[in-house]
Amino acid sequence: MSLLHQVLEVLADGEQHSGVALARRLGVSRAAVSKAVGLAADIPIAVDRRGYRLPSAFRPLDAARIEGLVAATGQSLDGLFIHEEIASTNQALLAASGDGVYACLAERQTAGRGRRGRAWQASPYGSVLVSVAWTVTETAGPFGVVSLAAGVAVARALESVGVPGAVLKWPNDVLWQARKLAGILIEMRGEAGAMRVVVGVGINVALGPAAAGAIDQGWAELCAIVPGIDRSRLAAQVISELLAVMDDYRQGRAAALLTEWRRRHAFAGMAVRIHEGREPFAALVVDVDEEGALVVEVKGKRRRVQAGDVSVRPL
């Protein structure tokens, strides 16, 4: 554990701590504390002559609290891991052996990814970056529904912490007031019929200047919507809701999940431009079908668009 992380864990109580008190508590010099805080790029630690204070949105995740909150919902995990830094929470779970249900979270990702090969931008300690892994069989339902089910889970979790009006953009973005608040990346490993499925979720809680400047579309952050947002509580809600929707999916209740997804569809009935391959085309959004594909109308004819290297934007 880095000295910076140790400092942040002390500051997680929300109180102000002097440099002298931090140094004494951590068994280091006051200069070492100052140097560690100086390395905290994009983490807005408040510093004045009385000491240091950390905004709530940047307080470190609490593993014991997250596990307790998940258990309180009646859900269970075979393991939960929180990393101070990792390349990718999705890749960590894809590479792991075993068929249990696991969750992996990170305060910082060095190779976090979104769809279409893009990097996922996140400020250290300023996002919820979580992946959950299961093994599912084809008999549970179409694999294309998994992404939509995950979107339902994230929208539910956001509502539970006080975020009104979160809607879903096919196949896997969560929007608030037409701006991206969260993204979902689904990855699979295995053979046809039985797959190891990893659902990765990234939620903007508080974006620092570096991360915000690297995003090429409209974005939203939770700290502006729900001041004082508790990242550990949100992480627990996301995990619990993912476990709940995946239970539904594995029990053959994909149709109910699709019905809920449709109620939250951001672009229902709208004209959009779809980038699929080299030639983008305009279309009218009609629905999503039972396999999770987007159904659109192009020049009077209906067409299915399946998730993959596809981008959908409103006209």
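**Helix packing, cores and loop residues in a predicted model**

Helix α6 (residues 145-160) and helix α9 (residues 231-250) pack at an angle of about 140°, with their axes 8 Å apart. That angle makes α6 oblique to α9, and the crossing of the two helices is right-handed. On the α6 side, the contact is made by Val-145, Val-146, Ala-149, Ala-150, Val-152, Ala-153, Arg-156, Ala-157, Leu-158 and Ser-160. Facing them from α9 are Arg-233, Leu-234, Gln-237, Val-238, Glu-241, Leu-242, Val-245, Met-246 and Tyr-249. A look at the spacing of these positions is helped by a general point: an α-helix has 3.6 residues a turn, so residues three or four places apart point the same way. The model described here is a predicted one, and every value is to be read in that light.

The α6 helix also matters for the account of the interior. The largest nonpolar core has 92 residues, and those with the most contacts inside it are Leu-158, Ile-203, Leu-222 and Ile-239. Helix α6 gives the most to this core, with 11 residues. Leu-158 thus appears twice, in the contact between α6 and α9 and among the core residues with the most contacts. Leaving aside residues up to four places away in sequence, Leu-158 touches Val-163, Ala-166, Val-174, Leu-181, Ile-203, Leu-222 and Leu-234. A second, separate core consists of seven residues, among them Ile-86, Leu-93, Leu-94 and Cys-104.

Another helix pair is found at the start of the chain. Helix α1 (residues 3-11) packs against helix α2 (residues 19-26) at an angle of about 115°, and their axes are 11 Å apart. The two helices are therefore roughly perpendicular to each other; their crossing, too, is right-handed. Leu-3, Gln-6, Val-7, Val-10 and Leu-11 of α1 meet Leu-22, Arg-25 and Leu-26 of α2. Within α1, the buried residues are Leu-4, His-5, Val-7, Leu-8, Val-10 and Leu-11. Their cover includes α2, α3 (30-38) and β2 (51-53).

One of these buried α1 residues, His-5, leads on to a loop residue with which it is in contact, Glu-107. Glu-107 is found between β4 (102-106) and β5 (127-137). Is this acidic side chain's residue buried or exposed? At 2% relative accessibility, Glu-107 counts as buried. Two polar partners can be named for its side chain. A polar atom of the Glu-107 side chain lies 2.7 Å from the backbone nitrogen of Leu-61, and the side chain of Arg-231 makes a polar contact with that of Glu-107 at 2.8 Å. Beyond four places in sequence, the residues in contact with Glu-107 are His-5, Pro-60, Leu-61, His-83, Glu-84, Ser-123, Pro-124, Tyr-125 and Arg-231.

Tyr-125, one of those contacts, is found in the loop between β4 and β5 as well. Its backbone deserves a glance: Tyr-125 has a positive phi of about 65° although it is not a glycine. At 1% relative accessibility, Tyr-125 counts as buried. Lys-299 likewise has a positive phi in a residue other than glycine, here near 55°. Lys-299 lies in the loop between β12 and β13 (301-305), and with a relative accessible area of 85% it is exposed.

Strand β12 (residues 294-298) itself holds Val-295, which counts as buried at 12% relative accessibility. The C-alpha atoms of Val-295 and Ala-283, 12 residues apart along the chain, are separated by 9.6 Å. Apart from residues up to four places away in sequence, Val-295 touches Leu-284, Val-285, Val-286, Asp-287, Val-288, Asp-289, Arg-302 and Arg-303.

Some further local backbone features complete the picture. The peptide bond from Trp-170 to Pro-171 is cis, with omega near 0°; Pro-171 is found in the loop between β6 (167-169) and β7 (173-176). At the start of helix α4 (residues 63-72), a side-chain oxygen of Asp-62 comes to within 3.2 Å of the backbone nitrogen of Ala-64. After α4 comes Gly-74, with a positive phi near 90°.

Technical notes: Residues numbered from 1 in each chain as written. Predicted model: local features only at pLDDT ≥ 70, side-chain atom pairs only at ≥ 80, totals over all residues. Heavy atoms only, no water. Polar contact = N/O pair within 3.5 Å; in protein donor to acceptor, adjacent residues only side chain to side chain. Helix = DSSP H or I, 4+ residues; strand = E, 2+ residues; numbered from the N terminus. Buried < 20%, exposed > 50% of the residue type's maximum accessible area, 1.4 Å probe, protein only. Contact = heavy atoms within 4.5 Å. Core = buried A, V, L, I, M, F, W, Y, C linked by side-chain atoms within 4.5 Å. Axes fitted to C-alpha atoms, helices over the stretch in contact; angles between N-to-C directions. Parallel < 35°, antiparallel > 145°, perpendicular 65-115°, else oblique. Left-handed = near helix turned anticlockwise from the far one by under 90°.
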